[in-house]
Every structure is written in structure tokens, then in C-alpha cells.
Amino acid sequence: MSSAEVKRKTDIKVTIDGVEYSTTYGKTILEVARENGIYIPTMCYLTKVEPIASCRMCVVEVEGVDGMILSCQEKAVDGAVITTKNEALDKERQNIMKLYDVNHPLECGVCDKSGECDLQNKTLEFGVDQQNFTAKDMHRPVQNWGFISYDPSLCILCEKCVRVCNEIVGSEQLQISPGGYKSTIINTKPDSDCVSCGECMAVCPVGALVSTDFKYTANAWEMNKIPSSCALCSSGCQMYYEVKPESIENPKEKIYRVTNNYEFSSLCGAGRFGFDYENNNAKKDINRFNEAVDAFKVADVIKFSSYITNEEALLLSRIAKAVNAKLECPQAYGFSNFLKAYQSVSGKSLWGATQKTLSESDVVITIGTRVKDDAPMVKNHIAMAVKRNKGQVIYMHPIEDNEIKNLVTQYVKYEAGSEEGVMAMLLEFLLRDAELPSEIKDYIDELDIGYLSGESSVSEEELDKMKLAFWKRKKFTLVVGSDVFNHSRVENIAKMVALIEKYSNFEILVIPPHGNSLGVSLICDLAENVEGCSVGYNVNADFTLSALGNGDLDMPALNQQEGTITTIDKKVIPLNVALPYDGYILNDIANALGVGSRYTIDFTKELPTNKGFKAVEFDSLESDRFSANGEDLRGYNLEIKSFESKVELEEPEELPSFDGVVVYCVNPAHNPNAFTNKAKLTAMEPKLKGSNQFAVASKLADGDRVEFDLNGKKVTRVFSIDTSLKGTIALNPTFDLGLSEFEVSSYRFLKVNISKVGARDE
């Protein structure tokens, strides 16, 4: 079929309220209306999920069709003549609102949704000034779900919360308990922390689902909404900080809550609830400032964490050049090496997949990541692939994750430390039928698959089983995570990943670790283990600058700064200041050293264009813009650069053995680092969590206090048995280590000697 014939089949014209519009076949009437700025009222519709069709507010009339039809699910067809508003449609919508308003409690004066409530707004919009319907009132007590409270008496059963919980988050935790007028939403896993994501609360159009902590503390119209982006992981989700003065007596501004443009975007629990990590106690002490400047002047190495902006990374790079120091970023160093090796073979600067293309995949393979905790938004997009496309998910990791078991088609367990061997097996498996250059084919033919299989515990039969997932599938994505980046063989693994992308039908999605590691890796030339005098930026050093408020000189946290970060989707997006900051900033030190500017954001346009950044002013970047149908228009996309590629692969090394007691350093999704552990809602007690099998092997009991060495630092933990875990590897958090957490850069599986230092808690 010619391109002209395809165009004729897909391009259509429709008339809406007397005006003709061009569009493409496959879009619903509601989508066509929205993309042309035509308002059709909805109550249950949510752009990011499949049409729910429960409210009937979106009814329209189509010429030649009897009765009213639902525009949210009806496809627009060529030549359709559509009416979106007339007296009959208004009457229908008014009656729908009357039914919604039946016995809805008159709590607007104290309801947290008042002022931004769809029910309130549409009751006024459709002139519901009297009620013709009645229903017997019922006692429906408020339920506390931890982070979230549910008031069934306010619930209108629009199903938005159920849909996002199932289609977006993939947890399948919320369901409708049917019963006519007695119907309600039920939480099927009340003991789970899954509702800590807050996605259900965000989409609720009324006050049925609200933040337990925020309830009754402020009115929506009192707060100033500051658009920004979440910098806690590489997804960079859109968000609003909602702030106002704490009180008349204390006029200092406070973040009361975080919200988002829920129609198109999502937030995880860390972004939504772990927002109050600002540095409150900073003051300008000129003596300390001068000490900081002097420390930089004699520094041999500047150490920093990747929870910084692109502009700060550029400033540190220029400061290092000015004082002839090296740069160390333990969190990003391994990833930077991965990226360079990937580029050398792929011939391009960045991977091809995005979170959106991941959500459209038919087959997803993940390796090297406990994805629910490492990257909650990546996990959400995997859930979308499963729910919408019946996607097949192969989850490869030494530890099975029971929390995402409902999304996983095939779990493939490999031994800790064997990522290089497993990637080599994947390389052979995925490219065995591909047309390859002779040197690559020879390399693959010489791989000792039997040895790799035996040492990694991944059988060839398991790989062959994957073929069933590939049957009649078209879109494939390989997701690569943090366990790979600090592996001793990271460069060789990266080259294999690049070959898989280059010669198979798999797209690659790489999850940058720890906030802005991608931006840091593109901007900074990083070294490792440099001896001599050190200055630390959110990392312990001889002289330490700290946004956590416990160093030699205070620095602002990321919710107190303007600047940009670089995301997993290769976008550069802006952060805005949510709260004031009274201390010095990095740009002040840079000015004292002769390399600063008037404002930190003056450096936005100076980010390196040879690495894909654009010479654009900070103030020209959009902070919260989406298209009518959900395209993210914030910031800009990095330009993908081309390189001369060469293939220099090494044979996989002998796979290491992780016998004995092994811990896996990973933080829970809603408390990913030392900053969120400072926040009121997400702070938690660090516990070493292991299975019954681990407890027996380690001779531990639930509640025992233990101690072990973690990269040269003694840590104390309470041991807790987690019945959802299997095997002999325990989960160890690092969020309580403060600045020391950002020094940790070793491979995340560690052999340790655990000593019992306290009896079981009584």
C-alpha cells in the first residue's frame, strides 16, 4: 500500500458544533474535541487511563445516530457531524449531577477538596439549585489507610482511583465492592504500604481520598502552587509545591503538600510525601564562607553527590578546573563508565527507549534492578505495558520481588555478581539469528554458554522459555539498572548492551541511578579514589558543604533551588524554588574563585552543546506544560550525538562467588535517600530484612539487633523477618547514613560478617 493510500485511510474530517476539523482515524470524539480546544464536560475521564465510561457527562449527539453517545469511547469517523452542547445535552448533564449530589454530605466548609472539587464546580456549572431525587442516608465511617484516608460517604464511584491503581501503578490494590447504592471502594491489601504512592488520592475528583497528614490544615485557594520537577530519581516527574506562611505569628513559608497534573503525569510516594527536606537553619557566616573558599583553593579532589542540578555540575567542573582539582561523584562514576563504553559501541550518545515507549512494549526484560524500589515510574510504565498491551515481562534478578509478582510473566533468578555472564547469555540468545559482522559472530560463537549457565544459575531452558513471550510480538525493551553500573565489569556489560540494541529488535532503556546522574555524567569528567585534600558537596570530606545541614558550610536543598536536571527520557527539565534559603550557595563560592555569575541559572544556556544540551535560557523552559492529549512539553530533549563506533569486547571473566551472608543495599521506593529520610512522612527506622531461610542461615531471630561493616562504616540494624522474601540475601537500606550514603558506590550485593549486638526487642 502506498503512503498516499495510507494517508487517505487515516486522515479524516469531522464537524463539531458547525466547524470542520481534520484529524486521524482512531481518536475518540473527546480526544478530537480536546485537541481543538472544544470543551466537553467529564467527571470520570482521565487521559492517562483507558476510558472508564461510568459518569455519562461526556455525552454528545451525532447526526444520523439515535440517542446520545459517550464521546470518551466512541471513535470519530470521517464525515461525522457532532453536537457537544444543546438544551437536551445540558438537561442530561444536569440530571447526572443531581444523581451525584444525592445525599452528598454538605462538608464543603471543611473538605480538603473544596475550591478544586469537580463535583462542586459542575454542580454550579449545570445550575443544580434544587434536588428532585432522594436516597436513604447510610453510615459510612472514614477509613485510615496510612498515608491516605478514605471517606466512602464522599465517594462518587467514578472509578478513577481503581483504574490508576490497576492500569498505572499495577498494584491491583483498590477495587469496587458492588452493591448498588451501598457500593464502595475497598483496599484489598490494607497492610501493604502500596497506597503510599498517593496516585489514587491525586485523581480523586472529590474529597473521598485525601492525605491523612494534610487533612484540615489548609484550603486549596490559600496556597501558592509552584511548578517544578521531582529530582529524587531520574524520572523527573512533574509536580507542584503548594506553599503558604505557616501562621500569622510565624510568616515563614512552608510546603503543605505536593500535587501534580494528575491528568497526564504521576508521582511516586517519595515525590508526593517526601517533600520537606529543605535546609532550614542556614545562615550566612562570612568566616565559614572564607574557609570554604580556602578549602577549594587547596583541594586535590572535589567529591559530590548526583543530587544536584546540571548548573551546579557545570559550576563544580569549572571550579575544579580553576583550582586544578579532580572531580569524584561516587554515585555517578560507574554509570559514567557504562555510558562511555555504551557510546563506543553503539555509535550514539544515548539509548533509544523512553518510559513512554516502554509502556507501549509487548515484551520487557529487566536486568540489574529491583525496579519497584529503584525506579517506581519505570515500574509503572511496565505495568502499563502489561495492562494495556498484555505485555510479557521477564524479570531477571537474584531476588524475586513479591510486590510486582502480578506483573511478571517469567522470573529468572541469577547469582549475585553474575551480571556479565547473564548479559553474555542474553547477547548470544537475542543475536543468534541476526546478521552480524564476522568479529561479533566469532565472539558470540566462542562464548562458553555451558559455563556461564552453570555459574550464573540461568539455564538455557529458561532462555528458551522466553521465546514463548516473543511469539507474535513487535515491540521489545531491555531495561538495565543500577546493579550493572558498579559491577567490576561494567564496561564490557555496557558494550554487550549496545550490541543488543544495535543488532536485535530490542530497544534499550537505561535507568540512571540517584537523581541527576545522567546530567552529571554528561557534564563532568569524573575520577575515582583521588588522594589528597578534599572538599565535599553533600559528601563527607576534609571540608564538607551540606544541604542536609550537618557539614562545615550549609548549602540549599533541591527544593530551594532553580536549575535543571536530566531525566531517563533524555529531557532537560526545570526545577523552581519552593522555599526561601538564607545561606550561601555554590555560585557564591564560584564567584569568589572567579568562575561564577550573577545567578546560578545563568549557566543553563552554557550547558555543553557537544553533549546534547541546548543553549537556551532557563526562563524559556516550560515547567508544567502538557499537550491536550498528554505529551510532556516541559524543558527540551537532548540532541542525540553520533560517534565513530568500534567493537572491542572481552571474554567474560570468571564469575564471582557470593557464598555466606550477603546483603543487598537498596532503599524502599517511598524513602530513597537521606533527604527523604529527613522528611516527616517518609522517614523510617532502618531495618535489615531477610527471609526465614536467611534468619536460619545467619542464626538470627526477628527483632535481633545486629552490626556489620558497610564499605568501611559500621552500621547497626534491627533484623526483621519478611515472609515475602526468599533465599539467603537480605535487604539493607542506606537512607539513614546521611552524607555517608552518598559516598557508597560499591556493587550493591555485599558479603558481610553479621554480629549480634542485642537481644530480641521485647
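**From one bridge to a sheet and a helix pair**

Let's start small: Val535 has Phe543, in β22, as its bridge partner. We're looking at a predicted model here, and this pair of residues is a handy way in. Val535 and Phe543 point us to strands β21 (residues 534–537) and β22 (residues 543–546), which pair in the parallel sense over 3 bridges.

Zoom out and those two strands turn out to belong to an open sheet of 5 strands, with parallel pairing and the order β15-β14-β21-β22-β23. Which strands stand at the edges? They're β15 (326–328) and β23 (553–554); each has a single partner strand, so one side of each lacks a neighbour in the sheet. There's a helix to add as well: α9 (residues 310–323) packs on the sheet and touches β14 (301–304), β15 and β21. The direction of α9 makes about 165 degrees with that of β14.

Now for a helix–helix contact. Helix α14 (residues 419–431) packs against helix α19 (residues 490–503) at an angle of about 20 degrees, and their axes are 10 Å apart. Because angles under 35 degrees count as roughly parallel, α14 is roughly parallel to α19. The crossing of α14 past α19 is left-handed.

Who does the touching? On α14, the contact residues are Glu419, Glu420, Met423, Ala424, Leu426, Leu427, Leu430 and Leu431. From α19 come Asn492, Ile493, Met496, Val497, Leu499, Ile500 and Tyr503. Sort the residues of this α14–α19 contact by character and you get 12 nonpolar, 1 polar and 2 charged.

Terms used
Residues are numbered from 1 along each chain as its sequence is written. This is a predicted model: local features need pLDDT of at least 70, side-chain atom pairs count only at pLDDT 80 or more; totals for chains, interfaces and linings use all residues. Side-chain values use heavy atoms; hydrogens and water are left out. Axes are lines fitted to C-alpha atoms, for helices over the stretch in contact, and angles run from 0 to 180 degrees between N-to-C directions. Helices (H or I, at least four residues) and strands (E, at least two) are DSSP runs, numbered from the N terminus. Angles under 35 degrees count as roughly parallel, over 145 as roughly antiparallel, 65 to 115 as roughly perpendicular and the rest as oblique. A crossing is left-handed if the near helix is turned anticlockwise from the far one by less than a right angle, and right-handed if clockwise. Contact means heavy atoms within 4.5 Å. Ala, Val, Leu, Ile, Met, Phe, Trp, Tyr, Cys and Pro count as nonpolar, Asp, Glu, Lys and Arg as charged, and the others, Gly among them, as polar. Two strands pair if DSSP finds at least two bridges between them.
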